[in-house]
Amino acid sequence: GGQDLQAYESHLLRYPGTLLSDMISPDGELSHKSTVFLDRHPLCGVEIVNCYRDGFLPEKPRHIDPEVWQSELLHFRMHKSRVPIPGLQNFIRLYQSDDDHIQEKKGKPTGKVGLFIWKLLEEPSSSKGARVVSIISLSFVLGFVVVVLAETLPEVTADPESVRILDVIDLVIVAYFSLEFLVRIGVSTNK
């Protein structure tokens, strides 16, 4: 499979700092050979090579998913061009506004405290504290499953002390998730 895309050296030199431009530099991969294999999205490859030839970048090609397009633009380092690429800034603005719109839909707050709490609950990779909160939540979910399963055992239901302990554990878990739910509602902008 794959596609054979061809471009003049003069076209590839149009945007120094980008991947293809750097490949034809004196220490680049294309300075030693005439072809290079890039295992990338074929439709994006065509659009990017056309950008070097035509001198502009389409903002959002209809036939390419925006996330794929962004990924390919980053791979080809189009944002690192030392010469402005017509269309690239428009795409970045469009993509950022789409991303902001998605975050707004999710209810991501903009205030400092609200954003901190939101990240703590929604993005475990954002901090050690968020990771701890995530582990605690997962532990409570697993604990709840164990309690529900244990409550079905005849040996456990026959012992009043075991039932009382399971009821207390159940109450603590429900209280934790109720508190988390109320905090999420409190910081969300999408209520």
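In this predicted model, Glu-180 counts as buried because its relative accessibility is 13%, which falls under the 20% limit for that label. Arg-184, at 27% relative accessibility, counts as partly exposed. The side chains of these two residues, Arg-184 and Glu-180, meet in a salt bridge, with a distance of 2.7 Å from N to O. Both residues belong to helix H9, which covers residues 160-187, and they sit 4 residues apart, about one turn of the helix. Glu-122 also enters the picture, since salt bridges that share partners join Glu-122, Glu-180 and Arg-184 into one network.

A general idea helps here: side chains of opposite charge can pair when their charged atoms come close. In this structure the count comes to 6 salt bridges, and two others deserve a careful look.

One of them brings together the side chains of Arg-77 and Asp-22, at 2.5 Å from N to O. Arg-77 lies in the loop between H4 and H5, while Asp-22 lies in helix H2, so the pair ties together parts that are 55 residues apart in sequence. With 25% relative accessibility, Arg-77 counts as partly exposed, and Asp-22, at 29%, counts as partly exposed as well.

Another salt bridge is formed by the side chains of Glu-72 and Arg-40, at 2.8 Å from N to O. This pair, too, links distant parts of the chain, for Glu-72 is in helix H4 and Arg-40 is in the loop between H2 and H3, 32 residues apart. Glu-72 is buried, with a relative accessible area of 5%, whereas Arg-40 is partly exposed, with a relative accessible area of 29%.

From charged pairs we can turn to nonpolar residues. In soluble globular proteins, nonpolar side chains tend to be buried together. The largest nonpolar core of this model has 21 residues, and those with the most contacts inside it are Leu-20, Ile-48, Trp-69, Leu-73 and Met-78. The elements that give two or more residues to this core are helix H2 (19-23), helix H3 (42-54), helix H4 (66-75) and helix H5 (88-106). Among these contributors, H3 gives the most, with 5 residues.

Met-78 offers a useful place to look at the core in detail, being one of the residues with the most contacts inside it. When residues up to four places away in sequence are not counted, Met-78 touches Thr-18, Ile-48, Cys-51, Tyr-52, Leu-73, Ile-85 and Leu-88.

How values were computed
Residues numbered from 1 in each chain as written. Predicted model: local features only at pLDDT ≥ 70, side-chain atom pairs only at ≥ 80, totals over all residues. Heavy atoms only, no water. Core = buried A, V, L, I, M, F, W, Y, C linked by side-chain atoms within 4.5 Å. Buried < 20%, exposed > 50% of the residue type's maximum accessible area, 1.4 Å probe, protein only. Contact = heavy atoms within 4.5 Å. Salt bridge = Lys/Arg side-chain N within 4 Å of Asp/Glu carboxyl O.
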